[in-house]
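Student: I'd like a close look at a single part of this model, followed outward into what surrounds it. Please take me through it as one connected story.

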Amino acid sequence: MDVRVRFAPSPTGHLHIGGARTALFNWLFARNLGGKFVLRIEDTDTTRSTEEYIEAIIDGMKWLNLDWDEGPFRQTDRFNVYRSYVDRLISEGKAYYCYCTPEELEERRKKAQEQGADQKYDGRCRDLKEPPAGRPAAVRFRMPEYGTTVVDDLIRGKVAFENSVLEDMIILRSDGTPTYNFVVVVDDIDMKITHVIRGDDHLNNTPKQIHIYKAFGWEVPQFAHLPMILGADKTRLSKRHGATSVMAYKEMGYLPEALVNYLVRLGWSYGDQEVFSRQELVQHFSFDAVGKSAAVFNPEKLLWLNGQYIIKADPEKLAELVIPFLVKDRTIKEGQDIDMKWLAQAVVTLQERAKTLIELAAGLKYYIAEEIEIDPKAAEKFLKPEHLAYLKDLKELLSETQNFVAAEIEKAFHAVAEKHSTKLGSIAQPARVAMTGNTASPGMFELMEIFGRPKVMKRLSKVLGEN
């Protein structure tokens, strides 16, 4: 079998965490088996779908590097196709016109609710011989009234639904627009989808859709319904749990590789392994290892994982990725010429510390800025007269150092410490405050080498009151 899967988001919002995980599992399944991954935009809800959201979904997919083989297809381009399938069902007696108005349907539903009766459509137009004149008609699909429909799910196993609870659903509204449960089947038929992988909130739609497949004589695809993602409070993940949009995580300084790694672990496992390369995910992915229980989204775990990816990332790549964040916080100007090899050297000193690109940009400020602000508390503690005496001697030695490299800089620090009979830290911490404005930074010798002699001299002169 040639595997064909699809990701079919509705463009009524940005690509969110749940949708991204669904897309990822489809992508991994296709790549693992050498199949095709189709992108389809389900935009039949014309009142809520927007071009902006379509672009946002595509941007999110591209950022996560979930490339598709076909598409993106849009349902609004296929209305004539859906109409032809509706006509076929009507001609074969598998669908019928329904003349009940929305107001009538709602009134019957309320009455049934009050009486404790079944609220599904009562089928009064099912075998109507003489249609009422002057009324617009919707089209309903004729559901079987007896028996059981079994969904053989790749994750949940066999799930049975009694056909008696399935109502004759509308497949074409009276205004001529098709409905979700119908168009999704038509699209999957036309696009030859073999496996439907989606969230378990669609599980109750599946028996309805199975009957439409069968009505057209089409082989029913295999289904896999992914368990939902919960927040820390065990309720469904939503905005109140933090950012749920994929692109929001990009803006927060997360790497796409880290987010992909985290998303796949929301429901899937491979032994005790936590960190995976893209190649490992493709190689090992299968639905045998996808759990049935809901997954809990843990922001702290994602942050830790992002830090792991930053540690292992190529410094030159990180230097490129951090540029927009340096522009955003006004450390540099848009289009400003930056020595990228130099910036990569600075990045190396911060990789162990930064968990996001925002933190990395913050750490790079004192490397790039011409002027820095010194924290008053740090100055009060580490820039006392005796400390300034150390820094004056240090400046003199560093100005005479032939090669301004970490090893020679370290020698100068040791010489000052020996001269004043003090510990190396008594020199390093005042120097750190002078260089960065604060008391935490990477190693001083490497930091000063990256700064370069002119900037080091300038900052030492400033704290010494020489300029």
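Tutor: Happily! Let's begin with Gly 60, which touches Leu 15, Val 246 and Met 247, leaving out residues up to four places away in sequence; contact here means heavy atoms within 4.5 Å. This is a predicted model, where local features need pLDDT of at least 70 and side-chain atom pairs count only at pLDDT 80 or more, while totals for chains, interfaces and linings use all residues. Residues are numbered from 1 along each chain as its sequence is written, and side-chain values use heavy atoms, with hydrogens and water left out.

Gly 60 sits in helix H2 (helices are DSSP runs of H or I with at least four residues, strands are E runs of at least two, and both are numbered from the N terminus). With a relative accessibility of 0%, Gly 60 counts as buried, a label for under 20% relative accessible area, with exposed over 50% and partly exposed in between (1.4 Å probe, protein chains only). Thr 149 is 89 residues from Gly 60 in sequence, and their C-alpha atoms are 36 Å apart.

H2 also leads us to the largest pocket, which holds about 1200 Å³ of space. Among its 43 lining residues, the closest to the centre are His 16, Gly 18, Gly 19, Asp 201 and Arg 236. Strand S1 (4-7), helix H1 (17-32), H2 (51-63), helix H5 (180-190) and strand S9 (195-199) each give two or more residues to this lining. H1 supplies the largest share, 6 residues. A pocket is an open set of points on a 1 Å grid over the protein atoms alone where a 1.4 Å probe fits, with protein on both sides within 12 Å along at least five of seven lines; lining residues have an atom within 4 Å of a point. Volume is the space filled by probe spheres set on points joined across faces, edges and corners.

From that lining, follow S9: 5 of its 5 residues are buried, so S9 is largely enclosed by the rest of the structure. S9 pairs in the parallel sense with strand S10 (residues 222-226) over 5 bridges, where pairing takes at least two DSSP bridges. Within this pair, His 195 stands opposite Gln 222 in S10.

Back at Gly 60, its contacts Val 246 and Met 247 point to helix H7 (246-251), one of the elements covering the buried residues of helix H10. Helix H8 (256-264), helix H11 (315-328) and helix H13 (357-368) are also part of that cover. The buried residues of H10 are Leu 302, Leu 305, Asn 306, Gly 307, Tyr 309 and Ile 310. H10 (residues 299-312) has 14 residues and reaches 20 Å from first C-alpha to last, close to the 20 Å expected at 1.5 Å a residue; that expectation is 1.5 Å times one less than the number of residues.

Helix H15 makes a useful companion. Its buried residues include Tyr 390 and Asp 393, and its buried set packs against helices H14, H16, H17, H18 and H19. Asp 393, at 15% relative accessibility, counts as buried and touches Val 416, Lys 419 and His 420, not counting residues up to four places away. Thr 422, in the loop between H16 and H17, is partly exposed at 22% relative accessible area. Setting aside neighbours within four places in sequence, Thr 422 is in contact with Tyr 390, Ala 417 and Ile 427.
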